[in-house]
Amino acid sequence: MRRYCRNCGHEITDDDKFCHNCGKRIDKSERFTDTGIQAERNSAARTTAGKPAAASSNRSENSVKYVQVDTRTGKIVKNSNAKSSSDSMMQGLTIAFVAIAVVIVMAAGSMFISGYMKENITAGSDAESDSAVDVSSAEPTQDNSISSEEEVNTVPTELQADYLKSRIKGKWSANLPYKSMSLPVTFTFDDAGNCSCMIKALFITKQFDGNYTINDGGQCTVTLSGLDEYMSEGNSIAGSMQFISDDEVNFTVGNNKLTLTRME
């Protein structure tokens, strides 16, 4: 058998002490069965028909003011969805602060991006102008200096022409091949490229003057005017000069090797 609340007519159980709908305390003597609730409804309808509309409206206003009551403890349960005015105010302030912060961040980001782009454009134009100046003026000079250094560093110091000229300066004795014999000769060199050769034998005493050149690496050419009288190859002796020591030099001419010994 179903039972209902006398106050609002909501269905209840035998264990309920308060109505789930209106919160009214339930006494066992006041509980309606399904038959009793129908009779109560009929009586209420007759009463309402005889009363003015204002009373009916007052009943309706009273009937909608429901609260939720815990049936085991008898305490009114607060509506978790209801929010106080202070909570609503805090929520509104929070939303306003967040909106203001977003606007500030966007404005700062826009200023930063525009400043960064402007700086890069200016730096790029400056770099292009600097590079144009470097290409037109600085680079050719730098390339020339590098190539000159490489050429100087390619040949060791002891094989450079200026160094060899300083070592060959002085008087040197040697035996010059002549026909089937060799003639004792004396070579004299200075450090400016001038030289002479004196042949002194039993019946021959003759001096030839000329010049010489030494290239990096030791390639040497000695040219003496009139030497072609005694040399079938002409008046020039060309070969490779190699210092054995400060007082001895090997001068290789073709298959022949002249050994020059320092005299002074």
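In the predicted model, the largest nonpolar core comprises 29 residues, and those with the most contacts inside it are Ile168, Phe189, Val222 and Leu260. Apart from this core lies another, of five residues, with Cys5, Ile12, Cys19 and Cys22 among them. In soluble globular proteins, nonpolar side chains tend to be buried together.

Phe189 was examined further. With its neighbours within four places in sequence left aside, Phe189 is in contact with Ile168, Lys169, Gly170, Trp172, Asn194, Cys195, Tyr212, Val222 and Leu260. This list includes Ile168, Val222 and Leu260, which, with Phe189, have the most contacts inside the largest core.

A pair of aromatic rings is described by the distance of the centres and the angle of the planes. The structure holds two aromatic pairs. In the pair of Phe187 and Phe189, the ring centres lie 6.0 Å apart and the planes meet at 20°, so this pair is stacked. Phe187 and Phe189 are both buried. For Phe189 and Tyr212, the centres are 5.1 Å apart and the planes are at 85°, so the arrangement is edge-to-face. This second pair links distant parts of the chain, since Phe189 belongs to strand E7 and Tyr212 to strand E9 (residues 205-214), with their positions 23 residues apart in sequence numbering. Phe189 and Tyr212 are both buried. Ring pairs thus join Phe187, Phe189 and Tyr212 in a cluster.

Enclosed space was considered next. Two cavities of 30 Å³ or more are present in the structure. The largest cavity holds about 50 Å³ of space. Its lining consists of Phe187, Phe189, Cys220, Val222, Met241, Val249, Phe251 and Leu260. Strand E7 (181-189), strand E10 (219-224) and strand E12 (248-253) are the elements that give two or more residues to this lining. By class, the lining of the largest cavity has eight nonpolar residues, no polar residues and no charged residues. Phe187 and Phe189, the stacked pair, are among the lining residues of this cavity.

Open space was examined through the second largest pocket, which has a volume of about 270 Å³. This pocket is lined by 14 residues, and Pro177, Met231, Glu233, Val253 and Asn256 lie nearest its centre. At least two lining residues come from each of strand E6 (170-178), strand E11 (236-245) and strand E13 (256-262). The lining of the second largest pocket divides into nine nonpolar, three polar and two charged residues.

Key
Residues are numbered from 1 along each chain as its sequence is written. This is a predicted model: local features need pLDDT of at least 70, side-chain atom pairs count only at pLDDT 80 or more; totals for chains, interfaces and linings use all residues. Side-chain values use heavy atoms; hydrogens and water are left out. A nonpolar core is a set of buried Ala, Val, Leu, Ile, Met, Phe, Trp, Tyr and Cys residues joined through side-chain atoms within 4.5 Å. Buried means under 20% relative accessible area, exposed over 50%, partly exposed in between (1.4 Å probe, protein chains only). Contact means heavy atoms within 4.5 Å. On a 1 Å grid over the protein atoms alone, a cavity is a set of points where a 1.4 Å probe fits but cannot get out, and a pocket is an open set with protein on both sides within 12 Å along at least five of seven lines; lining residues have an atom within 4 Å of a point. Grid points are joined across faces, edges and corners, and a volume is the space filled by probe spheres set on the points. Helices (H or I, at least four residues) and strands (E, at least two) are DSSP runs, numbered from the N terminus. Ala, Val, Leu, Ile, Met, Phe, Trp, Tyr, Cys and Pro count as nonpolar, Asp, Glu, Lys and Arg as charged, and the others, Gly among them, as polar. Rings of Phe, Tyr and Trp (its six-membered ring) pair if their centres lie within 6.5 Å; planes under 30 degrees apart count as stacked, over 60 as edge-to-face and the rest as tilted.
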